[in-house]
Amino acid sequence: VDLDAEDLQVILTGYRPTGTDIKVYMKPQNAFDAATFDDIDWVELELFEGVGVFSSTANIFDYREFKYRVPEGNKDSNGVLTYTSTSGEFSSYRRFSIRIDMLAENTYNVPTLKDYRALALT
């Protein structure tokens, strides 16, 4: 079935101690986008559940749930994801990739992931 997705939500279970961050990105591609997938820019998702939540540095198994979504600035007036590639501007996507960056100021206090789920929404 040729069903294009219009939005995306990523839910992850992670250990995020104070002084670290977990950034999530998606790369969408519409079925009619002739651009090479590698040439399409990443879209940073926004954290909307778990903002200001950090794990205990005393317990490395203090995993928390974090939810990310496509920012409103990357959607049209109908709430559909839009992006621009070398082929033009597109709404919705048929193919996508997820990138998760785990950031830390040092090597002894770092975030880790237990699992993640990406939901392509129509």
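## Starting from Tyr68

Leaving aside its neighbours within four places in sequence, Tyr68 is in contact with ten residues that can be read off along the chain: Leu8, Gln9, Val10 and Leu12, then Ile22 and Val24, and finally Leu45, Glu46, Leu47 and Phe48. The model in which these contacts are found is a predicted one, and Tyr68 offers a convenient place from which to explore it.

Tyr68 belongs to the largest nonpolar core, which has 19 residues, and it is listed together with Leu8, Met26 and Leu45 as having the most contacts inside that core. Strand S1 (7-15), strand S2 (20-29) and strand S5 each supply at least two residues of this core.

The strand that carries Tyr68 is S5 (residues 64-69), which runs antiparallel to S4 and is joined to S4 by three bridges; within S5, Tyr68 stands opposite Leu47. These two strands are part of an open sheet of four strands, arranged in the order S4-S5-S1-S9 with antiparallel pairing. Strand S4 (46-49) and strand S9 (112-121) stand at the edges of the sheet and have a single partner strand each, so one side of each is left without a neighbour there. Neighbouring strands of this sheet are turned against each other by 30 degrees on average, if direction is ignored.

From Tyr68 the path can be followed to Val24, one of the residues that Tyr68 contacts, whose place is in strand S2. Is Val24 buried or exposed? Its relative accessibility is 0%, and because buried means under 20%, Val24 counts as buried. Not counting residues up to four places away in sequence, Val24 touches Val10 and Leu12, then Val43, Glu44 and Leu45, then Tyr68, and lastly Ile98, Arg99 and Ile100. The C-alpha atoms of Val24 and Ile11, which lie 13 residues apart along the chain, are separated by 9.9 Å.

A further stop is Asp62, which is placed in the loop between S4 and S5. With a relative accessibility of 15%, Asp62 also falls under the 20% limit, and it therefore counts as buried. Which side chain does the side chain of Asp62 meet in a polar contact? The partner is the side chain of Arg64, at 3.0 Å, and Arg64 lies within the range of residues given for strand S5. When residues up to four places away in sequence are not counted, Asp62 touches Gly14 and Tyr15, as well as Phe54, Ser55 and Ser56; of these, Gly14 and Tyr15 fall within the range of strand S1.

Methods. Residues are numbered from 1 along each chain as its sequence is written. This is a predicted model: local features need pLDDT of at least 70, side-chain atom pairs count only at pLDDT 80 or more; totals for chains, interfaces and linings use all residues. Side-chain values use heavy atoms; hydrogens and water are left out. Two strands pair if DSSP finds at least two bridges between them. Axes are lines fitted to C-alpha atoms, for helices over the stretch in contact, and angles run from 0 to 180 degrees between N-to-C directions. A nonpolar core is a set of buried Ala, Val, Leu, Ile, Met, Phe, Trp, Tyr and Cys residues joined through side-chain atoms within 4.5 Å. Buried means under 20% relative accessible area, exposed over 50%, partly exposed in between (1.4 Å probe, protein chains only). Contact means heavy atoms within 4.5 Å. A polar contact is a pair of N or O atoms within 3.5 Å; within protein, one must be able to donate a hydrogen and the other to accept it, and residues adjacent in sequence count only if both atoms are side-chain atoms.
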